[in-house]
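Colleague: Please take me through one part of this model in detail. Pick a single strand, and work outward from there.

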Amino acid sequence: MHRRPVPLSKAYRLLNHGPTVMVTSAHAGRRNVMSAAWNMPLDFSPPKVAVVIDKSTYSRQLIEASGVFGLNVPCRALAQAAHDAGQVSGRDLPAEADKFQRLGLQTWQEDGQDGLGLPMIEGCVAWLACRVLPEPRNEQVYDLFLAEVVGAWADERVFADGHWLYGPETDPALRTLHYVAGGHFLTIGEPLSVDLGD
Ligand SMILES: Cc1cc2nc3c(=O)[nH]c(=O)nc-3n(C[C@H](O)[C@H](O)[C@H](O)COP(=O)(O)O)c2cc1C
């Protein structure tokens, strides 16, 4: 088990490099997952995020009902699932054979001290538990949801002490995914640091 808590002050770094995420949700005994390329960090402290959740999605229904969602950062090993979660709707699937089951996704339950009771996807490299900050106009007009991050975790093999550890020696299977379109992703590349000056 490589999952470690990330201080909330560093949670924005889990999304700052623009990975595609898998949004998890749960309400009244139902749970679901969808892909979301349109996401971003929004603030440092308390950390906030923005994500587009289309009106047509079943995820939107569960998130509007529960007021919470999880952002799971998948890696290359989960590329097919990260794509397929965005191709089918969980709306018509029975609870006992939901999208997680259909895609072969194992989950851990985010139910710590201040847990929101969200399913989180095993094998991802970072996770953010988020509580919706209601902004009805943004949600209705732009499908844009803002949320506060109340819990954050990362895989210690690729994120530690507030930094992604990606380098030439990183296991390719652990590299984050960045969606382009049409089933085409890029995986995260090599580090490049510039002079910070004095
Ligand atoms: C890689 C990828 C990225 C996507 N990004 C978004 C997104 O940012 N926002 C959105 O509303 N839908 C996005 N979609 C589409 C949803 O994931 C798709 O509608 C999904 O089937 C909804 O599932 P649900 O009805 O089970 O919630 C994306 C799809 C793919 C394949």
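Modeller: What follows starts with one strand and then moves to its partners and surroundings.

The model is predicted. The strand to look at is β6, residues 68–73. All 6 of its 6 residues are buried, so β6 is largely enclosed by the rest of the structure. Both faces are covered. V68, G70 and N72 lie on one side, and F69, L71 and V73 lie on the other.

Now the partners. On one hand there is β2, residues 21–27, which runs antiparallel to β6 and is joined to it by 3 bridges. Two pairs place the register. V23 of β2 stands opposite L71. T24 stands opposite G70. β2 is itself mostly covered, with 6 of its 7 residues buried.

Then there is β9, residues 126–132. The β6–β9 pairing is also antiparallel, over 6 bridges. V73 of β6 has A126 of β9 as its bridge partner.

Follow β2 one step further. β2 pairs with β3 in the antiparallel sense, over 7 bridges. T24 faces V33 in β3. T24 also stands opposite G70 in β6. The two strands β2 and β3 form a hairpin, with 2 residues between them. A28 sits in that turn and has a positive phi of about 50°. A28 is not a glycine. Is A28 buried or exposed? The cut-off for exposed is 12 or fewer other C-beta atoms within 10 Å. A28 has 8, so it counts as exposed.

A second non-glycine residue has a positive phi: D143, at about 55°. D143 is in the loop between α4 (136–142) and β10 (144–155). Its C-beta has 16 neighbours inside 10 Å, so D143 counts as partly exposed.

One more backbone feature is worth a look. The peptide bond between S45 and P46 is cis, with omega about -5°. P46 lies in the loop between β4 (39–43) and β5 (48–52).

Back to β9, with two residues to compare. Take C130 first. C130 touches V68, F69, G70 and L71, residues that sit within β6 (68–73). Its contacts also include V49, A147, E148, V149 and V150. These contacts leave out residues up to four places away in sequence.

Now R131, also in β9. R131 is partly exposed, with 16 other C-beta atoms within 10 Å. Leaving out residues up to four places away in sequence, R131 touches G67, V68, L116, A147, E148 and V150. V68, A147, E148 and V150 appear among the contacts of C130 as well. For a sense of distance, R131 and A77 are 54 residues apart in sequence. Their C-alpha atoms are 28 Å apart in space.

Next, the core. The largest nonpolar core has 51 residues. Which members touch the most others? They are L14, V23, V125, A126, L128 and C130. The largest share of this core comes from β10, with 6 residues. Some of those names are already familiar. V23 is the residue opposite L71, and A126 is the bridge partner of V73. So two of the residues that pair with β6 are among the best-connected core members.

The ligand site connects back through β3. The ligand is surrounded by 22 residues, and the closest are W38, D54, S59, G86 and S89. β3 and α1 (58–66) each supply at least two residues of this shell. β3 gives the most, with 4 residues. The shell is mixed in character: 9 nonpolar, 10 polar and 3 charged. β3, then, both pairs with β2 and contributes to the ligand shell.

Last, the setting. The protein chain has 4 helices and 14 strands. Buried residues make up 38% of its 198 residues. A compact globule with 198 residues would have a radius of gyration near 16 Å, and the protein chain has 16 Å, so the two agree. Along its principal axes, the C-alpha trace spans about 50 × 35 × 30 Å. Of the contacts with a separation of 6 or more, 66% are between residues 24 or more positions apart.

To return to the starting point: β6 is buried along its length, paired antiparallel with β2 and with β9.

How values were computed:
Residues numbered from 1 in each chain as written. Predicted model: local features only at pLDDT ≥ 70, side-chain atom pairs only at ≥ 80, totals over all residues. Buried ≥ 20, exposed ≤ 12 C-beta atoms within 10 Å, placed from the backbone. Pairing = 2+ DSSP bridges. Near = placed C-beta within 6 Å. Nonpolar A, V, L, I, M, F, W, Y, C, P; charged D, E, K, R; others polar. Core = buried A, V, L, I, M, F, W, Y, C linked by C-beta atoms within 7 Å. Contact = placed C-beta atoms within 7 Å. Rg over C-alpha atoms; globule rule 2.2 N^0.38 Å.
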